[in-house]
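Me: I should like to go through this structure by question and answer. Please reason briefly each time and finish on what was asked.

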Amino acid sequence: MSDVPDTLTETEGLDLVGILSSIEETAYVWDLTTGRVEWESNASDILGVRDMSKIATGAAYHALIAPEHLNSRLEALSRSVGADRVRGVPYRLQYRLRPNGQRSEHEIRVEDQGRWWPGADGHAARARGVIRVISEEYLEQQRRLVRDDLDELTGQLNRTRLTEALGAILARAERHYQPCAFLMISVNNLAVINETFGIEIGDQVIAEVGRRIREKLRGGDVIGRYSSNKFGIIMLGCGQGALRIAADRFIKAVRETTIKTSVAQLSATISLGGVIIPDQAKSVQDTVNFALRALDVAKSKRFDCFIAHEPSPSAEGNRMRNKSIAEGVIAALDDNRMRLVLQPMISTKTGKAEIYEALLRMERPDGSLVSAGEFVPIAEHLGLSRLIDRRTLELTVDLLKRHRELTLSVNVSGLTCSDLEWVTALRRLTRDRPDVLPRMIVEITETVALEELDQSVNFVDTLNELGCRVAIDDFGAGYTSFKNLKRLNVDMVKIDGAFVKNLADDTSDQIFVKTMIELANTFGMETVAEWVGDERSARFLKSAGITYMQGYYYGMPFDSTDYVEAA
């Protein structure tokens with residue numbers, strides 16, 4: 001035994017195998033030269049072996065292992081290539097054990113984990129380890145851990161674990177000033193494959209692409225499935241040059257041979273976008289966003305394309321501005337700092353303000369107001385429009401409840417036209433005051449109405465059934481056909497201000513506006529001219545038959561709290 005390190009014999013002993021005993025595990029030291037196995041004192045109880053002589057030697061113990069599992073244990077103790085004579089060679093395996101002999105029906109499943117040390121000939125001379133009995137509860141726990149950590153289709157890390165790993169590596173890279181890289185990879189032609197052969201075949205392609213990419217990773221690199229057709233790769237110690245080389249390696253791995261599926265041999269291509277961390281991105285969110293943007297550029301160019309993220313001061317400035325606006329919108333919604341201002345619509349018959357458009361303003365913490373045009377477009381792009389429309393609805397209904405003679409016109413975004421919860425909220429808010437509904441006009445833009453015409457028709461019909469009126473805003477910008485205008489069945493059209501602002505001097509605008517008024521009148525719809533700014537335009541509009549006029553000529557927007565009921 002002189003070939004085994006002295007430190008091993010000095011630290012041997014059944015209670016020094018590196019782990020304490022418990023009701024589920026026992027420990028052993030195995031001299032493979034003599035075959036003798038020494039067990040911890042609880043081995044008989046843990047393994048259920050009545051006669052300890054049955055496991056006193058390695059050969060005797062092996063006689064209790066299920067035959068189909070025996071080879072795996074023997075192989076684990078026979079690998080001599082690269083054996084570490086100081087640290088030993090680790091092994092870990094599971095097998096079924098019949099403690100009372102092969103003829104017994106009683107069996108248990110165990111996990112066997114330990115290390116073996118080589119003798120002079122390089123073969124195993126001594127081993128020590130721990131055997132743990134695997135219960136159904138333990139197996140379920142392991143299955144649950146796999147489900148929580150891995151993507152079911154590809155066996156790669158799932159999105160949650162991938163982003164957690166990215167966060168940990170990003171923090172380490174910043175501490176040690178070690179450049180790393182993050183790649184986002186997309187399978188390009190998956191939509192065509194799904195449509196032609198079905199989703200199941202598409203899944204087979206995804207799994208095979210993931211396997212090929214994984215085979216080309218270096219030790220320590222991490223791969224995970226980010227979304228349906230996207231993989232994320234974290235590459236350690238990787239700069240710009242190494243990133244491009246790696247991207248080319250992945251492209252070739254996917255492209256070089258066809259993919260065998262259950263229906264046919266198929267080809268796949270990938271696009272890649274990459275970012276260097278922490279130099280170009282210092283947070284998980286920025287890292288993923290920059291990689292996705294680079295990927296979008298790669299996909300727009302051609303298949304089999306890699307694009308590296310290139311920092312742009314102007315793009316970063318816009319991003320930070322958008323982020324600041326989004327954070328401001330969310331904070332204003334949370335703190336009830338959204339306000340309504342009112343702009344009058346003057347009736348050409350009475351010369352009085354019969355309707356007011358409710359315009360949204362965001363109040364900053366310092367009390368100053370931000371117009372909707374400065375934050376709504378960005379908020380819509382970031383998916384916040386539903387929250388904004390819901391708050392606007394609450395403010396509008398509340399104002400209508402406080403002023404029984406008031407009629408308000410309120411804008412909604414395109415997403416709200418398909419938001420059943422918005423309609424549900426309208427019903428709930430007006431349940432105790434149905435008189436509010438006839439005094440509410442809901443404005444939808446013409447471009448939105450045209451994009452999803454059937455959806456818009458359903459939305460308009462629902463509002464009409466509730467008693468609300470509906471207006472098309474920015475009429476003329478989308479060139480709505482007569483047929484579509486009739487299908488929408490709206491009550492009012494608001495002519496786009498772009499045709500009104502130069503009306504007094506532009507004869508083509510005059511012809512266009514007059515035609516739109518006549519068209520609306522044909523369908524029995526009221527009309528509103530926006531952006532009326534001077535007396536000459538007002539006179540023309542009145543003579544052309546406009547119903548209402550709105551613009552700075554008739555009044556600037558004012559805070560809704562300043563509204564005073566007519567005497």
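Me: Against which elements do the buried residues of helix 9 pack?

Reply: This is a predicted model, in which local features need pLDDT of at least 70 and side-chain atom pairs count only at pLDDT 80 or more, while totals for chains, interfaces and linings use all residues. Residues are numbered from 1 along each chain as its sequence is written, and side-chain values use heavy atoms, with hydrogens and water left out. Helices (H or I, at least four residues) and strands (E, at least two) are DSSP runs numbered from the N terminus, and contact means heavy atoms within 4.5 Å. On this basis the buried residues of helix 9 pack against strand 6 (180-187), helix 8 (199-215), strand 8 (230-235), strand 11 (270-277) and strand 12 (306-308).

Me: How wide an arc do the buried residues of helix 9 cover around the axis?

Reply: Buried means under 20% relative accessible area, exposed over 50%, and partly exposed in between (1.4 Å probe, protein chains only). In helix 9 the buried residues are Leu 243, Ala 246, Ala 247, Phe 250, Ile 251, Ala 253 and Val 254. They lie on the same side of helix 9, because the arc they cover, taken from the directions from the helix axis to the C-beta atoms, is only 160 degrees.

Me: How far apart are the end C-alpha atoms of helix 9?

Reply: The expected span of a helix is 1.5 Å times one less than its number of residues. For the 16 residues of helix 9 (residues 240-255) this gives 22 Å, which agrees with the model, where the end C-alpha atoms are separated by 23 Å.

Me: Which residues are buried on each of the two faces of strand 1?

Reply: Strand 1 (residues 25-31) is mostly covered, with 7 of its 7 residues buried. Both faces are covered: one side has Glu 25, Ala 27, Val 29 and Asp 31, and the other has Thr 26, Tyr 28 and Trp 30.

Me: Which residue in the turn between strand 1 and strand 2 has a positive phi?

Reply: Two strands pair if DSSP finds at least two bridges between them. Strand 1 and strand 2 (residues 37-39) are antiparallel, with 3 bridges, and Tyr 28 faces Trp 39 in strand 2. The hairpin has 5 residues between the strands, and the turn residue with a positive phi, about 85 degrees, is Gly 35.

Me: How many bridges join strand 1 to strand 5?

Reply: Thr 26 stands opposite Ile 131 in strand 5. The two strands run antiparallel, and the number of bridges joining them is 7.

Me: Over how many bridges do strand 4 and strand 5 pair?

Reply: Strand 4 (residues 108-118) has 8 of its 11 residues buried. Strand 3 (residues 89-97) is joined to strand 4 by 9 antiparallel bridges, with Val 89 partnered by Trp 116. Towards strand 5 (residues 124-134), Arg 109 stands opposite Ile 134. The pairing of strand 4 and strand 5 is likewise antiparallel, and its number of bridges is 10.

Me: Which exposed residues does helix 4 carry on the face turned away from its buried side?

Reply: The buried residues of helix 4 (residues 67-76) are His 69, Arg 73 and Ala 76. They fall within an arc of 60 degrees, so they line one face of the helix. They pack against strand 1, helix 3 (58-62), strand 3 and strand 4. The face turned away carries Pro 67, Glu 68 and Glu 75.

Me: Which element gives the most residues to the largest nonpolar core?

Reply: A nonpolar core is a set of buried Ala, Val, Leu, Ile, Met, Phe, Trp, Tyr and Cys residues joined through side-chain atoms within 4.5 Å. The largest has 71 residues, of which Phe 375 and Trp 422 touch the most other members. The element that gives the most, with 6 residues, is helix 13 (residues 385-402).

Me: Which element of the chain has the lowest mean pLDDT?

Reply: pLDDT is the predictor's confidence in each residue, from 0 to 100. The chain averages 86, and 90% of the residues score at least 70. Over residues 1-23 the pLDDT is below 50, although this stretch has 41 contacts in the model beyond near neighbours in sequence. The highest mean, 97, belongs to strand 21 (residues 548-549), and the lowest, 37, to helix 1 (residues 6-11).
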